[in-house]
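Visitor: Hello! Could you take me on a close look at a single part of this protein, and show me how that part sits within the whole?

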Amino acid sequence: MATRLVSLIGNPRPGSRTRAAAVQAAELVGGRIGPVEQEILDLSALAPALGSPSASAAVEAAVQTVLDADVLVVASPTYKGAYTGLLKTFLDRLSSGALASTVALPLMVMGDARHALAVEVHLRPVLVELGAFVPTPGGVLLESQFDQADKVLDDWARRVAPQVEAAVSCISY
């Protein structure tokens with residue numbers, strides 16, 4: 001049975017570098033953990049509906065996609081030393097513990113290495129609060145590393161894949 005791997009992108013801009021990094025990271029991790037079904041959930045397409053007080057079938061479908069994931073790559077650019085408000089707005093739709101059967105991999109794209117702890121200090125805790133198992137260090141890709149993103153993300157994927165594979169096995173059991 002294939003592992004459901006979902007990339008959740010919290011950048012408000014469509015076609016962002018954050019999306020490219022998340023998709024690449026998911027492919028690299030997925031290639032190391034066995035058969036996977038990959039899906040991309042780019043919140044930029046849902047931004048107007050996320051801000052609306054009215055119910056949205058697209059938002060509800062996106063929430064269900066996240067809840068059904070075995071592995072969730074959660075990617076955001078660093079804004080003001082933390083993840084985006086768009087990602088926060090989406091994650092606020094999930095109840096505490098909603099991701100209890102999910103392995104989450106936080107990934108942040110940032111302009112300055114001084115923000116490198118944001119992935120561990122801000123993004124990891126919200127994923128843990130939602131019940132996700134976060135077994136690995138979060139991924140960090142600096143904007144200055146985009147020309148070497150293949151190497152940076154491949155190194156990260158190589159380090160985290162064994163823990164992801166073990167965690168998926170434990171949760172699935």
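Guide: The accessible surface of the protein comes to about 8000 Å², and carbon and sulfur atoms make up 54% of that area. Please keep in mind that this is a predicted model. Beneath the surface, 47% of the 173 residues count as buried. The overall size fits this chain length: a compact globule of 173 residues would have a radius of gyration near 16 Å, and the protein, at 15 Å, agrees with that. Its C-alpha atoms fill a box of roughly 45 × 40 × 25 Å along the principal axes.

Now for the layout. There are 6 helices and 5 strands, and along the sequence they follow the pattern β-α-β-α-α-β-α-β-α-β-α. Parts of the chain that are distant in sequence meet often: among contacts with a separation of 6 or more, 80% join residues 24 or more positions apart.

Let's zoom in on helix H1 and what lies around it. Between strand S1 (3-9) and helix H1 (17-33) there is a loop, and glycine 15 lies in it. With a relative accessibility of 64%, glycine 15 is above the 50% cut-off, so it counts as exposed. The C-alpha atom of glycine 15 is 8.8 Å from that of aspartate 42, although the two are 27 residues apart along the chain.

Next comes H1 itself. This helix has 17 residues and reaches 24 Å from its first C-alpha to its last, close to the 24 Å expected at 1.5 Å a residue. Several of its residues are tucked away from the surface: Thr18, Ala21, Ala22, Val23, Ala25, Ala26, Val29, Gly30 and Ile33 are buried. Just after the helix, glycine 34 takes a positive phi of about 105°.

One of those buried helix residues, Thr18, leads us to another part of the protein, because Thr18 is among the contacts of serine 76, a residue of strand S3 (residues 71-77). Serine 76 has 0% relative accessibility, so it counts as buried. Leaving aside neighbours within four places in sequence, serine 76 also touches Gly10, Tyr83, Thr84, Leu87, Leu107, Met108 and Val109.

To finish, here are two residues to find on your screen: glycine 15, which is exposed, and serine 76, which is buried. Then follow H1 from residue 17 to residue 33, and look for glycine 34 just after it.

Key. Residues are numbered from 1 along each chain as its sequence is written. This is a predicted model: local features need pLDDT of at least 70, side-chain atom pairs count only at pLDDT 80 or more; totals for chains, interfaces and linings use all residues. Side-chain values use heavy atoms; hydrogens and water are left out. Helices (H or I, at least four residues) and strands (E, at least two) are DSSP runs, numbered from the N terminus. The radius of gyration is taken over C-alpha atoms; the globule rule is 2.2 Å times the number of residues to the power 0.38. Buried means under 20% relative accessible area, exposed over 50%, partly exposed in between (1.4 Å probe, protein chains only). Contact means heavy atoms within 4.5 Å. Accessible areas come from the Shrake-Rupley method with a 1.4 Å probe; for residues, only the protein chains shown count as cover. The expected span of a helix is 1.5 Å times one less than its number of residues.
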